[in-house]
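Work through these exercises with the structure open. Each task is followed by a solution in steps.

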Amino acid sequence: MNNSPASIAASYAVAARVARQAASSFYPSFWLLPRAKRQAMCAFYAFARLTDDAADAAGEIADKRRWLEDWRRLIESTVAEDQLPQAFPTHSADAESLQRSEQAMQILPALQHAQQRYAIAPTLLLEIIDGALADQQDRSITTQQDLDTYCYQVASTVGLVCLQIWEFQGEATRQAAIDCGKAFQLTNILRDVREDLQRGRCYLPQSDLQRFGVDPQRPADEQQAAWEELLRYYGDRAESYYQQGWLAWDGIHPDGRPMFSMMWHSYHALLKKIRQQPLQVLQRRVRLTWRQKMNIAASHFVPGYPRRLAAVSPRRDEEA
């Protein structure tokens with residue numbers, strides 16, 4: 001594999017296709033960025049998408065761990081040791097894994113180029129894979145510290161990579177991005193409570209389950225009052241992280257602010273919907289409507305509107 005301009009351009013094209021085909025609600029926000037930063041976001045998104053898909057794929061846990069471990073070694077040699085490998089060291093022969101391995105090789109030149117261009121710490125990329133690997137085993141979240149560590153590993157690291165691509169100033173901005181990642185992941189955890197329980201998992205700390213009197217092994221409809229208190233508590237906790245995370249706005253380069261704002265407002269709107277009726281997450285997956293998503297997205301393509309959102313968001317949140 002080479003890293004000629006033509007190879008890098010072709011690799012960015014593959015990454016853009018992966019991002020587009022994933023049908024993520026955040027893909028439109030990439031177009032709020034200048035071309036170079038948009039390409040870098042596509043390369044990073046493709047990396048994160050492949051990592052998540054490998055972790056969530058059907059099949060034996062041992063096989064998934066093996067693929068992720070190979071992927072980790074490949075990333076380490078590509079970005080940490082500045083080498084482009086010739087082939088993916090796959091140990092699997094199933095068609096899905098082979099296709100994923102081929103796609104991984106295709107996006108590597110773009111990922112390496114983006115990592116070097118925006119000085120993305122290799123450890124951040126490796127921590128994202130480590131988070132996926134840790135999810136392949138029974139992750140025991142006993143305390144709030146365990147939960148904070150988990151949220152940092154699977155979400156705050158993503159925010160820190162985005163921050164490098166958007167460009168920023170100040171350690172306070174970096175800390176705010178960490179808090180923003182925790183806000184986003186807590187929102188995901190609250191949204192997915194029902195599905196996780198059905199899989200025999202719960203990402204809320206055991207210490208708080210006990211404190212609020214919730215037994216995840218018992219039917220939720222027999223413990224509605226306890227569940228509601230627990231969900232409200234974590235809804236409030238997530239909201240506090242959103243408030244801290246919004247402080248990143250001032251430190252982000254102006255051309256990265258609209259994308260940050262669109263992501264923040266999209267996730268925050270979902271949390272607000274959950275907080276209005278916390279028990280609904282035990283009955284169904286809470287989503288924003290298509291109209292709500294489009295309104296948030298469209299507003300950010302209006303010149304000057306994200307800046308106006310920045311001026312009113314904290315006050316609006318305090319009233320909520």
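The model is predicted.

**Exercise 1. Describe how helix α3 and helix α7 pack.**

Solution.
- Start with the axes. Those of α3 (residues 35-56) and α7 (residues 144-166) come within 9 Å and cross at roughly 160°.
- Next, classify the angle. Angles over 145 degrees count as roughly antiparallel. α3 and α7 are therefore roughly antiparallel to each other.
- Then give the hand. The crossing of α3 with α7 is right-handed.
- Now list the contact residues. On the α3 side they are K37, A40, M41 and F44; on the α7 side, V158, V161, C162, I165 and W166.
- Finally, sort them by class. The contact of α3 with α7 has 8 nonpolar residues, no polar ones and 1 charged.

**Exercise 2. Describe how helix α11 and helix α12 pack.**

Solution.
- Axes again. α11 covers residues 224-246 and α12 covers residues 257-276; their axes come within 10 Å and cross at roughly 160°.
- Apply the angle cut-off. Over 145 degrees is roughly antiparallel, so α11 and α12 are roughly antiparallel to each other.
- Check the hand. α11 and α12 form a left-handed crossing.
- Read off the contact. α11 supplies R232, G235, D236, A238, E239, Y242, G245 and W246. α12 supplies F260, S261, W264, H265, Y267, H268, L271 and R275.
- Count by class. The contact of α11 with α12 holds 7 nonpolar, 5 polar and 4 charged residues.

**Exercise 3. Find how many disulfides the model has, then check C42 and C202.**

Solution.
- Recall the bond. A disulfide joins the sulfur atoms of two cysteines covalently.
- Set the cut-off. The two sulfur atoms must lie within 2.5 Å.
- Take the count. It comes to 0 disulfides.
- Check C42. The nearest cysteine sulfur belongs to C162 and is 12 Å away, and C42 is in no disulfide. C42 counts as buried because its relative accessibility is 4%.
- Check C202. The nearest cysteine sulfur is that of C151, 12 Å away, and C202 is in no disulfide. At 24% relative accessibility, C202 counts as partly exposed.

**Exercise 4. Place R191: which helix holds it, is it buried or exposed, and which residues does it touch?**

Solution.
- Locate it. R191 is in helix α8 (residues 171-191).
- Judge burial. Buried means under 20% relative accessible area. R191 has 17% relative accessibility, so R191 counts as buried.
- List contacts. Leaving out residues up to four places away in sequence, R191 touches L270, I274, V281, R285 and V286.
- Compare sequence with space. R191 and Q280 are 89 residues apart in sequence, yet 9.2 Å apart in space, C-alpha to C-alpha.

Key
Residues numbered from 1 in each chain as written. Predicted model: local features only at pLDDT ≥ 70, side-chain atom pairs only at ≥ 80, totals over all residues. Heavy atoms only, no water. Axes fitted to C-alpha atoms, helices over the stretch in contact; angles between N-to-C directions. Helix = DSSP H or I, 4+ residues; strand = E, 2+ residues; numbered from the N terminus. Parallel < 35°, antiparallel > 145°, perpendicular 65-115°, else oblique. Left-handed = near helix turned anticlockwise from the far one by under 90°. Contact = heavy atoms within 4.5 Å. Nonpolar A, V, L, I, M, F, W, Y, C, P; charged D, E, K, R; others polar. Buried < 20%, exposed > 50% of the residue type's maximum accessible area, 1.4 Å probe, protein only.
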